[in-house]
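This note concerns side-chain contacts, taken one at a time. Please keep the sequence and the structure in view while reading the points below.

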Amino acid sequence: MTINYDSDINSSKESWRIVVRVTHSWHVPSYNNPSELQSIVLVLMDEKGDKIHVLIKRLMIMTYRHLLNGGESSTLMTFGVGLNSGDYKPTSHAYIIHFLNITKLTSIVMLASLYM
């Protein structure tokens with residue numbers, strides 16, 4: 001599978017593979033219970049410096065939380081893509097990535113160690 005760049009991401013296909021690193025992340029508390037997480041928001045950047053907004057909803061947080069190391073490069077595959085039409089847009093990218101229960105996030109360090 002070809003590696004794509006953040007600037008390539010759109011809703012025209014379902015099969016994307018990008019190599020990115022987390023540049024910013026923050027937790028969004030639940031409106032009704034501020035001690036509970038509603039979602040995690042990320043900004044991912046590829047090697048060209050292009051950035052894209054990512055949303056990890058409450059049901060996916062426990063699955064991916066331990067894999068989100070700021071500054072570490074990772075391969076991201078099998079995710080949802082939608083229009084970035086919300087009021088809050090941390091990037092100028094027209095689309096947003098949504099993590100799904102089948103999203104694959106693999107550290108580049110982990111991949112490199114498999115081939116050494």
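1. In this predicted model, the side chains of R58 and E36 form a salt bridge, with 2.3 Å between nitrogen and oxygen. The two residues stand 22 residues apart and join distant parts of the chain: R58 belongs to helix α1 (residues 58-64), while E36 lies in the loop between β1 (17-29) and β2 (37-45).

2. Are the two partners of this salt bridge buried or exposed? R58 has a relative accessibility of 37% and therefore counts as partly exposed, since that category lies between the limits of 20% and 50%. E36, at 33% relative accessibility, is likewise classed as partly exposed.

3. A salt bridge also connects the side chains of K48 and D50, here with 3.9 Å from N to O. This distance is accepted because the cut-off is 4 Å. K48 is partly exposed at 48% relative accessibility, and D50 is partly exposed with a relative accessible area of 24%. By this rule, the count of salt bridges comes to 2.

4. K48 deserves a further remark, as this residue also lies over the face of Y5, at 4.5 Å from the ring centre. A similar arrangement may be noted for K13, which lies over the face of W16 at 4.4 Å from the ring centre.

5. How many aromatic pairs does a search of the whole structure find? The search finds 2. One of them is formed by W26 and Y88 in an edge-to-face arrangement, with 6.2 Å from centre to centre and 80° between the planes. W26 lies in strand β1 and Y88 in the loop between β5 (80-83) and β6 (95-98), so this pair ties together parts that are 62 residues apart in sequence. W26 counts as partly exposed at 28% relative accessibility, whereas Y88 counts as exposed at 54%.

6. Y64 and F99 also form an edge-to-face aromatic pair, with centres 4.9 Å apart and an angle of 85° between the planes. The pair links distant parts of the chain, 35 residues apart: Y64 is in helix α1, and F99 is in the loop between β6 and β7 (104-107).

7. Where does this pair stand with respect to the surface? Y64 has a relative accessibility of 3% and is therefore buried, because the limit for that category is under 20%. F99 counts as buried as well, at 6% relative accessibility.

Notes
Residues are numbered from 1 along each chain as its sequence is written. This is a predicted model: local features need pLDDT of at least 70, side-chain atom pairs count only at pLDDT 80 or more; totals for chains, interfaces and linings use all residues. Side-chain values use heavy atoms; hydrogens and water are left out. Helices (H or I, at least four residues) and strands (E, at least two) are DSSP runs, numbered from the N terminus. Buried means under 20% relative accessible area, exposed over 50%, partly exposed in between (1.4 Å probe, protein chains only). Rings of Phe, Tyr and Trp (its six-membered ring) pair if their centres lie within 6.5 Å; planes under 30 degrees apart count as stacked, over 60 as edge-to-face and the rest as tilted. A charge sits over a ring if NZ of Lys or CZ of Arg is within 6 Å of the ring centre and within 35 degrees of the ring normal.
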